[in-house]
Amino acid sequence: MANLVNLESVSKSYGVRPLLDEVSLGVGEGQRIGVVGLNGGGKTTLLEVLAGITEPDSGRVSRLRDLRLGVVTQRTDLPDGSTVGEVVLADFGAEHEWASDARVRSIVDGLGIAAIGLDTPTATLSGGERRRVALAATLVGELDLIVLDEPTNHLDVEGVRWLADHLLARKSSLVVVTHDRWFLDTVCGRTWEVTSGRVEQYEGGYADWVYARAERARLAQAAEEKRQNLARKELAWLQRGAKARTSKPKFRIEAAEALIADVPPPRDTVELMSFAKRRLGKTVLELEDVSLSVGDRTLLDHVTWRIGPGDRIGLVGVNGSGKTTLLKLLAGEREPETGRRVEGKTVHLAHLKQELDDLPADLRVLQAVERVAARVQFGKHELSASQLAEKLGFPPKRQWTPVGDLSGGERRRLQLVRLLMAEPNVLLLDEPTNDLDIDTLQQLEDLLDGWPGTLIVVSHDRYLTERVCDNVVALFGDGTITDLPGGIDEYLQRRQTIADRPAGERAPASGAEPQADAEQGAPKLSNSEWRAITKELGKLERKLDAIGERESKLHAALADAATEPDRLMELNNELKALHAEKDELEQRWLEASEAVE
C-alpha cells in the first residue's frame, strides 16, 4: 500500500519548545488516523506540517504527485463578500448540477448548510456556522486525503454521527484531531499520540489506545502513576458499560483486564444519592406548568418537570433546539411566560455557560482559584486549589501564569475550576468538554463520577454524557421534555424517524401529536396521553432494573443454600413469583412502547 504523505525525521519548534522531534511516519491509502494528545502538545502543528500549511524546521515531507488534499483547520478563513452557497458549491455551476448529486445533497443537509441558507453572506455567520461551512466546502470535493482539526466542535450529537457515517462511507484517507472519543472509536482504525515531541502509533481507535496505554503503564510500573490510575478507571467503565469496539488480540485485552480486576465501580450511585439527599433535601429544582418561547417558536408548552436530589441528567437536542435556554431557565436567569420555577432552600447552584465569565485578569491562576476557596470536598476526597487546578489542565508551573495571558480554552478551564471550588450541590454544565483534551476530559469525568449532587449536562460528547449521567432527556421541538430510557441511541433513532417523515410533518408545532403513528388510519395520541405513556415507560424501566437486581441476589442465595432443602424450596418459590412479576412488567413495557412508536 503506497503512502500518500511521508514525514522523515521532521522537527518543529516554537521558541525553545520542540513540538515535533525527529518524527518519521506516513499516511497510507485508505487509512483513517485519529490524533490525540495534551492541549498544546503539538497535534495541530503535526497536522499543519502534514498538510503543507507549515514548513518543518528540519526533515523532509513528501507527498504523492497530484495528491487531492482537503484541509479544515480551526482558523476557518472564508472569502470576503461571499455567500454560503458560493463557498460550499464553488466547483458547481447551475443548481441542478449539485442538486442531482446525492452525496453533495447529503453534505448540505447533514451539516445543516441548507438550514443556514445558501444565500446567507458569510460575514454574518457565527463561529460555529463558519466551521460547518468550511467543513462542507472541503467534503464536497473528490479527495485522496482529508485532514481535519477538531471537526466535531460546534456539531450536535446527530451531526457528529452523520459526519462519522459520511467519513466511513468515503474511500479517502483521513487524519483527524478530535477529543470526541466516540467519534475516534467509530471512525479511526489507527491512533497517533503526540507526546513530548514524539508520535506514538497504535492500531485501532480510542478503546484500543486506552488498552495499549494502560498496558504500557503496567509494564513501566511506577512511571506516570496518575495516568495509570485514570486508564484503569476508564477501562473499568468501558468494560462494564457498552462493550468497546476493539481490534486488540485477546491476550492484550486479558492483560489490560488484569489491571481492573480490583477497581470499584466508577460510581456508587446509591451512596451518592443518599449523600445528595442529606445535602439537598427533597426539593431541588422544579418547573410547574411552565411555558417558554424563543422568538416565534415554543420551547416549552405547559411543562411540569421535577429534578430531584442526586439526579444526573444528560440533555440532548439539535443545535438551536433550546438546550442553553432551558439551562438558563433552570438557573433562574430567565423567567417563564407561564407557570413557575421552584428552587429548594438548600440549593447552591452553579452554572457553567458557553460564554466566558469575567475573570480577575490581575491575578495568577492559583490565586484566582484560591480566591474562591483553598480546599474542596468531592465525596470522600478533599482536594486543594492547586490539586484541582492540576486535574483540569493546569500543571504547577502553569498555575503561576497571569490570568490575562491565558488562551480562550485555558480561561474556560479556569472558569470550570473556580465553579467547582465553590462546592455547589447543583451543577448545570453547558458544553463542558469544549477546549478539553482527552486526558483532561478523563480527569473531569473522574471528578464528576464521585460528585454528590444534582447534575444536568448539555454536551455533544457521547462518552461523557453516557458515563456521568444516569438519565437522558431530549428536546424534539414539540413543546415537551422527553425522557429517553434508551439514552442517546434512542434519541438518534427518534431523530431518524422524524427525518424520514414527509417534510410537512418533521417539525410538529406545540400541541401537535409528537408520536403520531405514521400509518394511515392509526389512532393519534394527544400530548398529555403521550407524556403519560412516556412517564409510565420510565417507571417500568426502573422496576425492571430493580427486579434484575433482586433476581441476581436470589440466584446467589440459592447457591449458598445448596445443602438446605427447606431454604431452597422457599427461595425457588420466591424466584418463580419474581419471574411472573417480571413477565407481566415486560408485557406492559412492550404495550407502552408500541403505543408511542
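## Side-chain contacts in a predicted model

In this predicted model, Arg-494 and Glu-490 are both buried. Their side chains meet in a salt bridge, with 2.8 Å from N to O. The two residues are 4 residues apart in helix α19, which means that about one helical turn separates them.

**Salt bridges**

The whole structure holds 23 salt bridges. Some share partners: Arg-181, Glu-445, Asp-449, Asp-461 and Arg-467 are joined in this way into one network. Three of the pairs are listed here, including the one in helix α19.

| Salt bridge | Closest N and O atoms |
|---|---|
| Arg-494 and Glu-490 | 2.8 Å |
| Asp-144 and Arg-68 | 2.9 Å |
| Lys-391 and Asp-446 | 3.9 Å |

The salt bridge between Asp-144 and Arg-68 links distant parts of the chain, 76 residues apart. Asp-144 is in the loop between α6 (127–139) and β6 (145–149), and Arg-68 is in the loop between β4 (58–63) and β5 (69–72). Asp-144 has a relative accessible area of 23% and is therefore partly exposed. Arg-68, at 42% relative accessibility, is also classed as partly exposed.

Lys-391 and Asp-446 form a salt bridge whose closest N and O atoms are 3.9 Å apart. Lys-391 belongs to helix α15 (residues 385–391) and Asp-446 to helix α17 (residues 438–449), so this pair ties together parts that are 55 residues apart in sequence. Lys-391 is partly exposed at 23% relative accessibility, and Asp-446 is partly exposed with a relative accessible area of 21%.

**Aromatic pairs and charges over rings**

The search of the whole structure gives 3 aromatic pairs. In one of them, the ring centres of Tyr-206 and Tyr-463 are 5.5 Å apart; the planes stand at 85 degrees, so the pair is edge-to-face. Tyr-206 is in helix α9 (residues 206–220) and Tyr-463 in helix α18 (residues 462–468), so the contact ties together parts that are 257 residues apart in sequence. Tyr-206 is buried, with a relative accessible area of 1%, and Tyr-463 is buried with 7%. Together with Trp-209, these two tyrosines form one aromatic cluster.

Phe-476 and Tyr-491 make a stacked aromatic pair, with 5.6 Å from centre to centre and 25 degrees between the planes. Phe-476 lies in the loop between β19 (471–474) and β20 (482–484), while Tyr-491 lies in helix α19 (residues 487–500), so the pair ties together parts that are 15 residues apart in sequence. Both Phe-476 and Tyr-491 are buried.

Charged side chains also sit over aromatic rings. The charged end of Lys-12 is over the ring of Tyr-14, at 5.3 Å from the ring centre. Arg-413 lies over the face of Phe-394, 5.1 Å from the centre of that ring.

**Nonpolar cores and Gln-399**

The largest nonpolar core has 44 residues, and the members that touch the most others are Leu-111, Ile-113, Val-133, Leu-139, Leu-167 and Phe-183. Leaving aside residues up to four places away in sequence, Ile-113 touches Val-84, Val-88, Ile-107, Val-108, Leu-118, Arg-132, Val-133 and Ala-136. Another core, of 38 residues, lies apart from the largest one and has Phe-394, Met-421, Leu-436 and Leu-455 among its members.

Phe-394 is also one of the residues that Gln-399 touches. Gln-399 is in the loop between α15 and α16 (408–421). At 2% relative accessibility, Gln-399 counts as buried. Beyond Phe-394, the contacts of Gln-399 include Arg-364, Val-365, Leu-366, Ser-386, Ala-389 and Glu-390, with residues up to four places away in sequence not counted.

**Strands β15 and β16**

In a regular strand, side chains alternate between the two faces of the sheet. Strand β15 (residues 375–378) shows alternating side chains: Val-376 and Phe-378 point to one face and are buried, whereas Arg-375 and Gln-377 point to the other and are not buried. Strand β15 pairs with strand β16 (residues 381–384) in the antiparallel sense, over 4 bridges. Within this pairing, Val-376 stands opposite Leu-383 in β16.

Conventions:
Residues are numbered from 1 along each chain as its sequence is written. This is a predicted model: local features need pLDDT of at least 70, side-chain atom pairs count only at pLDDT 80 or more; totals for chains, interfaces and linings use all residues. Side-chain values use heavy atoms; hydrogens and water are left out. Rings of Phe, Tyr and Trp (its six-membered ring) pair if their centres lie within 6.5 Å; planes under 30 degrees apart count as stacked, over 60 as edge-to-face and the rest as tilted. Buried means under 20% relative accessible area, exposed over 50%, partly exposed in between (1.4 Å probe, protein chains only). A charge sits over a ring if NZ of Lys or CZ of Arg is within 6 Å of the ring centre and within 35 degrees of the ring normal. A salt bridge is a side-chain nitrogen of Lys or Arg within 4 Å of a carboxyl oxygen of Asp or Glu. Contact means heavy atoms within 4.5 Å. A nonpolar core is a set of buried Ala, Val, Leu, Ile, Met, Phe, Trp, Tyr and Cys residues joined through side-chain atoms within 4.5 Å. Two strands pair if DSSP finds at least two bridges between them.
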